[in-house]
Amino acid sequence: MLSARDVSHAYGSLRALDRITFTLDRGQTLAIFGPNGAGKTTLLKVLAGLIQPRHGTVQLAGGRRAIGWIGHQSQLYGPLTVVENLLFWASLYDVPPSARRARADELIGRLGLGGQAHQQARTLSRGQAQRAAIARALIHDPAVLLLDEPFTGLDRVAAEELRRLLGELAAAGRATVLVTHNVEEGTELASDIAFMRAGHFVAFGPRAGRDAAALAAAYREAVGGG
Amino acid sequence: MADLLRHAWLVARKDLYLEFRSRTAITSALVFTALVLVVFEHGRDPTAVAISALAPSILWVTFSFAGMLTLNRAFNAELENQALDGLLLAPISRTSLFWGKLVANLAFVAVVQVTGLLLFTLFFNVPVWRVWAPLVVVMIMATVGFIAVGTLFSAMVVRTRFAELMLPVLLLPFLLPPLIAAAEVTTKLFAGRPLSEVSGWLRLLAAYDVAFITLATLLFPATVTE
Amino acid sequence: MTLVQRGRWVTVFALLLLGGIYVRALVYTPVEIHQGLAQKIFYVHVPSAWSAMLAMGLLGVASILFLIIKDMRYDRFAAASAEVGTAFSLVMLTTGPLWARPIWGAWWTWDARLTLTLMMFFMFLGYLVLRGAVTDPGLRARYSAVLGICGLVLLPFIHLSVYLFRTLHPMPIVLKPSAPSAPPAMVITLLSSFAVFTLLYIGFVMQRYAIGERTDDA
């Protein structure tokens, strides 16, 4: 469904990505852990097609239409309401007009935004905004989810809800790439793990039932201090 | 092609909704236009120069400055919550995005210019009504190419420091040809000359528009990709 | 020899030649009848304009090449060319009024050529201002290239519009600042000056480029 082959990229002389290779199938969730500056966001942007890598190829079944991106910025328009935002993004993704309203309502319900549906996006709380951002990312039913530090700024309850939702989505067959510097947050969801440092994978493999503590130890060992 | 136009229209429509909601940019531009006209009126000595000699310059300087004010609006809203990344991720071409922004910009500039023209007629007592049709044609032709370059530049400066100051600095040389041409044609129109006398200027304007709309469309992707 | 050293040699050589041009212009070239000694500025003013246009043209070409090939060296060259072009534009804009005042009785007029060169100066400045405002080198290179190409396409339109404007509004004094059919001695001095100024351009750009290389790698 999603594969990267020998992807390398540089900013000027600064090597950002170094021969990244992996494949991701339906239902798999790849959690990439790495310190700041490791190149995680760059990798996600390359996977999304926002950046053309210097070398290597990315193959994504369905193209940009198949991607849902959730970052720490909501990508919502402040003066528009939640519903208006969702309808706009749905139209950009060519969701059929007859289906747009229904999907928007469904997602609003599923993410507990019923009371905020007709509120302007700039009036939402951080947690509500994040949920609205998730709705926006899912409005076109993407097959692949790319998540860039999605738990940033979420309280425990909201984070737990997000984890539950992501689990459901994976179970329904979506492929997910989750990028974070916090091992505890991503462990439960992952079917596969990668540790990233200075642009390349220092470790890559199935989670194999390890828990957060074990992974944290392995992470520290692989990536080193800082 | 149909998709291209449809997506462009979706982007433009969203911009129009946004501006209608907040109304900040267009209000400032309208107030500014009125103020500039008032300053011009009080800054001249009515006994020294006949208004008909000054009128075209006043009109077009006002249009130019007001036009530049509305340009900043185009990409500011996209930065707020990184909506621009969302637009770049969506399965629409960069050209659709650019044309959508351009159409929205032109709509706003049109509103400001029409209002400016009405105020101008009110303040300066120049017989505009006899030549309103060719005048509108000149207004469109002198504005389109310039706003295309302005939209392109606003995509760049929005991420620099001093964005509001940078845009006029970069844009002013591009103002010169359409400004001169428009002022010349307007002078002839107010003097009751037929349009055929200014065909050279009109052809210059047309060439300018074609050249810069094309160039801006071609160059826009370079300003947003990484 | 490093690039900077070679650039310095070229520049010094060109400056020596420039001195030679001055001598030739002042001593060996006939004095122009109508304009007198002031006309001698011509040999500096016109070639400066040429160098500035050369700088702008090459900047445009380098910008196009950069966007296609994405090699940072083109961006570095374009930046060097812009700075050198600004310097030559400034020379042109200062020698112009120095010449115009005794001849035309005015420091400045809005004729086609002068306005074009003034706009070119502003475009160079805008280019440098833009570069100064963007910190990321990749972004800066792309933005500069876009501006450079737009500027290049704009030049003919500016020239055309001001030229059309001026021909319809004849000026009170109509002495054109270009060589009429001139005696061979003047032509030779002028052409030599063109060559020297081109050499100066090359020398300056070489040095500026080398400095750019060093600061980028630092």
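# Close-up views of a three-chain predicted model

**View 1. Strands β3 and β8 of chain A.** Strand β3 (residues 29-33) and strand β8 (residues 192-197) of chain A run parallel and are joined by four bridges. Strands are DSSP runs of E with at least two residues, helices are runs of H or I with at least four, and both are numbered from the N terminus. Two strands count as paired if DSSP finds at least two bridges between them. Opposite Ile32(A) stands Ala194(A) in β8(A). The model is predicted: local features need pLDDT of at least 70 and side-chain atom pairs pLDDT 80 or more, while totals for chains, interfaces and linings use all residues. Residues are numbered from 1 along each chain as its sequence is written, chains are lettered from A and ligands numbered from 1 in the order in which they are written, and side-chain values use heavy atoms, with hydrogens and water left out.

**View 2. The six-stranded sheet of chain A.** The sheet is open, has mixed pairing and follows the order β5-β6-β7-β3-β8-β9. At its edges stand β5 (67-70) and β9 (200-206) of chain A, each with a single partner strand, so one side of each has no neighbour in the sheet. On average, neighbouring strands of this sheet are turned by 15° against each other, direction ignored.

**View 3. Helices across the sheet of chain A.** Helix α1 (residues 40-48) of chain A lies across β3, β5, β6 (144-148), β7 (175-180), β8 and β9 of chain A, and runs at about 155° to β6(A). Helix α4 (residues 126-138) of chain A lies across β5 and β6 of chain A, at about 170° to β5(A). Axes are lines fitted to C-alpha atoms, for helices over the stretch in contact, with angles from 0 to 180 degrees between N-to-C directions.

**View 4. The interface of chains B and A.** Here 24 residues of chain B are in contact (heavy atoms within 4.5 Å) with 26 residues of chain A. The buried area is about 2500 Å², 58% of it from carbon and sulfur atoms; this is the accessible area (1.4 Å probe) that two parts lose on being put together, summed over both. Arg21(B), Leu89(B) and Glu226(B) lose the most area to chain A in chain B, together 29% of what that side buries. The interface has two salt bridges, a term for a side-chain nitrogen of Lys or Arg within 4 Å of a carboxyl oxygen of Asp or Glu. A salt bridge joins the side chains of Arg21(B) and Glu84(A) (2.5 Å, N to O). Helices α1 (2-22), α4 (73-80) and α5 (83-89) of chain B each supply at least two residues of the side that touches chain A, and α1(B) gives the most, with eight residues.

**View 5. A salt bridge within helix α1 of chain B.** The side chains of Arg6(B) and Asp3(B) meet in a salt bridge (2.4 Å, N to O). These residues, Arg6(B) and Asp3(B), are three apart in the helix, and are therefore separated by about one helical turn.

**View 6. The interface of chains B and C.** Of the two pairs of chains in contact, B and C share the most contacts. In this pair, 28 residues of chain B are in contact with 29 residues of chain C. The area buried between them is about 2600 Å², of which carbon and sulfur atoms give 83%. There are zero salt bridges between chain B and chain C.
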